[in-house]
Amino acid sequence: MEEKRKTSFTGFQLKLIGWGLTILWALGMTVLGGTKAGLVLQYLGLPALPIFAFLLVEGFVHTQKPERYVIGLAVTAFLAEPVYDFAVTGSWFSFTGASGQNPLLACIPAAVELYFLRYKAARGGNVANVLMVIFASLWAYVFNIRCGISFMLMAGTFFLLREKRKLLFSMGCAVCLVPYITPALGLLPLSCYDGERGALDPKGKYLFYCAFPVLWAVLAVVRLLAE
C-alpha cells in the first residue's frame, strides 16, 4: 500500500503560494526597484515562474474549454499591461527596456505552444515539438515579455513530461536553472501537488484573474502618489 504524503498542496494552495511570490517580485520591481533589497525580492519571487507554468499546463489539459481559459488569461494580461508599465517604468506604454512586458502575456505564446504540442502528441514528432518550443521562446523574446523565454521552456517541459513525474521534475529543475537559479525552488511545492483543485475552484479562478491587474494598479497608484 502506497504511503500517503504527509505534506500535499491542492491547485488552489499552489496558486496562493505563487501569488505570495509574485507580490514579492512585484515589490522588488517597483517600490524597492533599483535597490539591493529590491533585487533580493525579485530573486525570491522567481520560484513563482515554474508554479504558474505548471498550473497553466494543468488548466489547459483539464479544462473542457481551453479556448475560454486562454482568452480569460489573455484579457487579464492586456488589462494589466498599462498599469504594469507605469508601475515599473513611469510610462503607461513601454515596449522596450529591461522591465519588458508583463509576465502574464507569456500565457499567449505558451497557449499556442500547448495547442501545437497536444496536436503533435497523438502523432509523434519530437523534432517538431522542440521546434515549437523554440518558436514560442523566440516569440516571447521578440515581444520582450519579462521572463518569457524561461516560461516557454518550463511550460513545454511540463506538458511533454506530465506523465513521467520523476523525469518531469529532473528536467524541470534543469530548465529552471536557466538563466536563473532560484526558480528551481518552485519545484518543491509542485512535487507535493495532490492533483486536486482545492477550495474555491473552479469559481475561484476569477479572483485570480482580477488579482493580477489589481496588484499592478495598486503599485501604479503608489508610484503616482510618490511622484
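Which backbone oxygen lies 2.8 Å from a polar atom of the side chain of Thr182? I looked this up in the model, which is a predicted one. The oxygen belongs to Tyr43.

**Entry 1: Thr182.** I placed Thr182 in the loop between α8 (165-176) and α9 (187-190). I then listed its contacts, leaving out residues up to four places away in sequence, and found Tyr43, Leu46 and Pro47. Tyr43 therefore appears twice in my notes on Thr182: as a contact, and through its backbone oxygen, 2.8 Å from a polar side-chain atom of Thr182.

**Entry 2: Leu44.** I found Leu44 in helix α2, residues 36-45. Is Leu44 buried or exposed? Neither label fits, because its relative accessible area is 45%, and buried means under 20% while exposed means over 50%. I recorded Leu44 as partly exposed. Setting aside neighbours within four places in sequence, I noted contacts of Leu44 with Leu21 and Leu24. Leu21 is 23 residues from Leu44 in sequence, and their C-alpha atoms are 7.0 Å apart.

**Entry 3: the whole chain.** I counted 10 helices and 0 strands. From the N terminus on, the order I wrote down is α-α-α-α-α-α-α-α-α-α. The protein has 227 residues, and 48% of them count as buried. I also checked contacts between residues at least 6 apart in sequence: 70% of these join residues at least 24 apart.

**Entry 4: the largest nonpolar core.** Which residues touch the most other members of this core? I got Leu56, Phe151, Met152, Phe158, Leu190 and Trp216, out of 57 residues in the core. The elements giving two or more residues to the core are α1 (11-29), α3 (48-62), α4 (66-89), α5 (107-121), α6 (126-142), α7 (148-160), α9 and α10 (205-226). The most comes from α4, with 10 residues. As background, I noted that nonpolar side chains tend to be buried together in soluble globular proteins.

I followed up one of the core residues, Met152. Without counting residues up to four places away in sequence, Met152 touches Ala106, Pro109, Ala110, Glu113, Val133, Ala136, Ser137 and Ala140.

**Entry 5: the second largest pocket.** I noted a volume of about 220 Å³ for this pocket. Its lining has 10 residues, and the closest to the centre are Phe78, Gln101, Leu105, Phe143 and Ile145. Two or more lining residues come from each of α4 and α5. How many of the lining residues are nonpolar, polar and charged? I entered 8 nonpolar, 1 polar and 1 charged.

Definitions and conventions. Residues numbered from 1 in each chain as written. Predicted model: local features only at pLDDT ≥ 70, side-chain atom pairs only at ≥ 80, totals over all residues. Heavy atoms only, no water. Helix = DSSP H or I, 4+ residues; strand = E, 2+ residues; numbered from the N terminus. Polar contact = N/O pair within 3.5 Å; in protein donor to acceptor, adjacent residues only side chain to side chain. Contact = heavy atoms within 4.5 Å. Buried < 20%, exposed > 50% of the residue type's maximum accessible area, 1.4 Å probe, protein only. Core = buried A, V, L, I, M, F, W, Y, C linked by side-chain atoms within 4.5 Å. 1 Å grid on protein atoms, 1.4 Å probe; cavity = no way out; pocket = protein on both sides within 12 Å on 5 of 7 lines; lining within 4 Å. Points joined across faces, edges and corners; volume = space filled by probe spheres on them. Nonpolar A, V, L, I, M, F, W, Y, C, P; charged D, E, K, R; others polar.
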